[in-house]
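Grab a pencil and work through these short exercises on helix packing. Each one comes with a solution in steps.

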Amino acid sequence: MHFMVPTSSSSSPSPANTSSFSLLFLSPENLCRPPARLHIGIHGISGHSSKNTSLCHAVVDRPSPNVPSQKESPDGDAEGVLVVRRPSLETSGDDGDEEGEGEKRYRAKIDAGLSKIAKKMPIFEPERSESSSSSSAAAVARAQEKPLAVNLDLSLYRAKFLARSFRYKDAEKILEKCIGYWPEDGRPYVALGKILTKQTKLSEARIVYEKGCQATQGENAYIWQCWAVLENRLGNVRRARELFDAATVADKKHVAAWHGWANLEIKQGNISKARNLLAKGLKFCGRNEYIYQTLALLEAKAGRYEQARYLFKQATISNSKSCASWLAWAQLEIQQERFPAARKLFEKAVQASPKNRFAWHVWGVFEAGIGNVERGRKLLKIGHVLNPRDPVLLQSLGLLEYKHSSANLARALLRRASELDPRHQPVWIAWGWMEWKEGNTTTARELYQRALSIDASTESAARCLQAWGVLEQRAGNLSAARRLFRSSLNINSQSYVTWMTWAQLEEDQGDSDRAEEIRNLYFQQRTEVVDDATWVTGFLDIIDPALDTVKRLLNFGQNSDNNNSPLNDTLKYMGGAKDGQSNQVAGGSVGGREDTETGSGFNLDAFLREKLSLDPKKIEVNLDSQRLGRFIRGRTSGA
C-alpha cells in the first residue's frame with residue numbers, strides 16, 4: 001500500500017540528509033496477522049529553514065512469514081512495540097551551527113505528531129486485545145461443543161427405534177438432548193410429545209408442544225397440529241379449533257392440519273364446515289388421497305355412492321400405494337353387499353402394501369364374516385406371520401377359533417396376544433367376554449378390571465363398561481348394571497348399543513316409561529357422526545369379540561338401493577383410471593391363474609411365494625408362551 005504525498009517543486013531529495021522512521025501499523029482486516037512496518041522517509045533541504053522539509057513517500061512493508069515475530073531492530077527495540085526512531089541528520093562542519101537549532105525544533109514537532117498517532121491506535125492496547133482473543137476462544141468452544149446437524153437426524157432415528165421397543169425413558173433422554181442442542185428445530189418436540197402421549201402423560205405432552213411453539217416462534221405447523229390433536233383427544237374442542245387454525249396460518253400447505261380440522265368438525269356434526277375445510281386442503285395442497293378418501297366417505301354416508309366411488313378412484317390415482325384408500329373403498333362395497341368387488345379391492349390393498357397388518361386383518365374378518373372361515377383363518381395367520389408383534393391379529397384369530405374350534409385354543413391365542421402388548425385394552429375385553437360366555441364370571445370380572453386399569457377414559461373403556469354391565473345384568477345385579485351403563489355413556493354418549501341395552505333392561509323390569517325416556521334421551525342428544533379417513537384404526541379398537549358385531553360394524557345386513565346394479569359398474573370405475581401410476585383392479589394378479597376358492601384372478605399362494613417368500617403350507621402360529629416370554633425380555637433389554 002503506497003501513500004503518495006505531493007512535495008514542493010523547489011525541494012530535491014538528497015541522500016545525504018535523508019532519514020527514515022519505522023512505525024508499526026496494522027489494518028482492521030489483518031488483525032490476526034503479524035504487524036507491518038511503516039517506513040516513512042523524510043527529506044530535508046540543506047541550507048534553508050525546516051519549513052521547506054516535506055514528506056515524499058510512505059511505504060508499508062509486511063514482514064516475511066519466515067521472519068521471526070520478535071526480531072530485534074538495530075536500536076534494540078522489539079518489533080512488537082511501537083518504535084519511533086529519531087532522524088540522525090548528517091551535517092557538515094560549516095553549517096552545523098546554523099541548522100542545529102532548527103533541526104531540534106523539527107524533531108520536537110515530529111515526536112509530538114507521532115505520539116498523537118500512536119494514541120489513536122487502540123489495537124496496541126493489551127486489555128482490548130486479550131478480551132478479543134478470549135471472546136473468540138469462547139465462540140470457538142461453543143461451536144465445538146454443539147454437535148453437527150447430522151447428529152440430529154441420527155438421534156431422532158435412534159429415539160424412534162427405542163420407542164418402538166417400548167424403551168420410552170431412553171428415547172425421552174435423547175429427545176431432551178436434541179431440544180437442548182437444537183431448540184429451533186420442531187422435530188424433537190413432535191417426537192417427544194407423541195412418546196408422552198403413548199404413555200398417557202397428556203399434561204406433559206401439552207407442555208412440550210407449548211414450549212416447542214415458543215421456541216420455533218409459532219412457525220412450525222407440525223407442532224400446532226399435534227397439539228390440536230391432543231386437545232381434541234382431551235375434549236377441548238374449542239381449543240383444538242384454535243390450534244388447527246394456527247397450524248394452517250403457519251403453513252397453509254400443511255395438509256394434515258386441514259384434514260385433522262375437518263375430522264374434528266365431522267365428529268361435531270358440522271358437515272358443511274368439514275367440506276369447506278377439505279376443499280381448502282385440496283386448493284392449497286393439491287391432490288391428496290386422505291382428503292379424497294374423507295370426502296368419499298361423506299358422500300357414502302349421504303347415500304351418493306357413485307360420487308363416493310369417483311372420489312375413491314381419485315384417491316387411488318393420487319397414491320396407488322395408499323392401502324387405506326383401497327380398504328375404505330372396500331368398506332363401501334361391503335356396505336352395498338358387493339362382496340366380489342370388495343374382495344378385489346382387498347387384493348389391491350395387499351398388493352399395494354404386502355405387509356400391511358390392517359389389510360390382512362380386515363380382509364380376514366371379512367371372509368370369516370361371509371362364511372369363508374378357512375380362508376379367513378388363513379389370511380389372519382398370514383398377517384400374524386408378517387407382523388408377529390401385532391396383538392390384534394391374534395385377538396381376531398382367537399375369537400374365530402372360539403366360534404368355530406375350541407375355547408382352549410382361543411384362550412391360548414388371547415393369552416399370547418395379551419403378552420405381546422399388555423396395554424392393549426381390546427385383548428383383555430375380548431378375553432373377558434369369552435370367559436363370561438364359558439361361565440367363568442369371576443375371571444371375566446378380573447379381566448374387565450384389568451382392561452379398565454390401563455385407561456378408564458377411552459372409547460375402549462366405554463365398551464368394556466357396557467360389556468361388564470351386560471354381565472351384571474345377566475347375573476341379576478341390576479343396580480351395578482345401571483351404574484356401569486351410566487359410566488359407559490359418560491365416556492361415549494353416542495353409543496347406540498349402550499342406550500338400547502339400558503332401555504331393554506328397564507323394559508324387562510316392567511318399567512316401560514323409563515325405557516321410553518332412555519330412548520328419547522338418546523335421540524335428543526344424538527350427533528351425526530361420519531366415519532373419517534382413519535376408520536381402519538378405529539376398526540382395530542372393536543372390543544366386542546363376537547363376529548356378528550363385526551358384521552354389524554360393516555353393515556353387512558343393511559338394505560341397499562343399488563343391490564340390483566351389476567358388479568361391472570364398480571369394476572368399470574376401478575379399471576377406468578387413466579393415471580399411469582394407478583393399479584387396475586381387473587389386472588395385476590400374480591401368477592395369472594384364477595383362485596378356485598373365490599373365483600377372482602388373484603392367486604394368493606403364488607403371491608405369498610413370489611412377493612413375500614412364504615410357504616403357504618407352513619403358515620402356523622407359535623403358541624409357546626415361554627419362548628414368547630424370552631422374546632419379550634430380549635426385546636426389552638436389547639437395543
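**Exercise 1.** Work out which hand the crossing of α10 and α11 has, and which residues meet there.

*Solution.* The crossing of α10 and α11 is left-handed; that term applies if the near helix is turned anticlockwise from the far one by less than a right angle, with clockwise giving right-handed. Next, place the helices: α10 covers residues 271–285 and α11 covers residues 289–301. This is a predicted model, where local features need pLDDT of at least 70 and side-chain atom pairs count only at pLDDT 80 or more, while totals for chains, interfaces and linings use all residues. Residues are numbered from 1 along each chain as its sequence is written, and side-chain values use heavy atoms, leaving out hydrogens and water.

Now the geometry: the two pack at about 150°, with axes 10 Å apart, and are therefore roughly antiparallel to each other (over 145 degrees counts as that). For the contact (heavy atoms within 4.5 Å), Ile271, Arg275, Leu278, Gly281 and Leu282 of α10 meet α11 residues including Ile291, Tyr292 and Leu295. Sorted by class, the contact of α10 with α11 has seven nonpolar, two polar and two charged residues.

**Exercise 2.** Describe how α7 packs on α8, then look for a ring pair inside α7.

*Solution.* Start with the angle: α7 (residues 221–233) and α8 (residues 237–250) pack at about 165°, and their axes are 8 Å apart. That makes α7 roughly antiparallel to α8. Their crossing is left-handed. On the α7 side, the residues in contact include Trp224, Trp227 and Val229, and they face α8 residues, among them Leu243 and Phe244. The class count for α7 with α8 is eleven nonpolar, two polar and two charged.

Then the rings: the structure holds 18 aromatic pairs (Phe, Tyr or six-membered Trp rings with centres within 6.5 Å). In one of them, the Trp224 and Trp227 rings have centres 6.0 Å apart and planes at 10°, so the pair is stacked (planes under 30 degrees apart). Both residues sit in α7, three residues apart, about one turn of the helix.

**Exercise 3.** Do the same for α22 and α23: what are the angle and the axis distance?

*Solution.* Helix α22 (residues 478–491) and helix α23 (residues 496–508) pack at about 155°, axes 10 Å apart. They are therefore roughly antiparallel to each other, and the crossing is left-handed. Among the contact residues are Phe485 and Leu489 in α22, and Trp499 and Trp502 in α23. By class, this contact has seven nonpolar, three polar and three charged residues.

Methods: Axes are lines fitted to C-alpha atoms, for helices over the stretch in contact, and angles run from 0 to 180 degrees between N-to-C directions. Helices (H or I, at least four residues) and strands (E, at least two) are DSSP runs, numbered from the N terminus. Angles under 35 degrees count as roughly parallel, over 145 as roughly antiparallel, 65 to 115 as roughly perpendicular and the rest as oblique. Ala, Val, Leu, Ile, Met, Phe, Trp, Tyr, Cys and Pro count as nonpolar, Asp, Glu, Lys and Arg as charged, and the others, Gly among them, as polar. Rings of Phe, Tyr and Trp (its six-membered ring) pair if their centres lie within 6.5 Å; planes under 30 degrees apart count as stacked, over 60 as edge-to-face and the rest as tilted.
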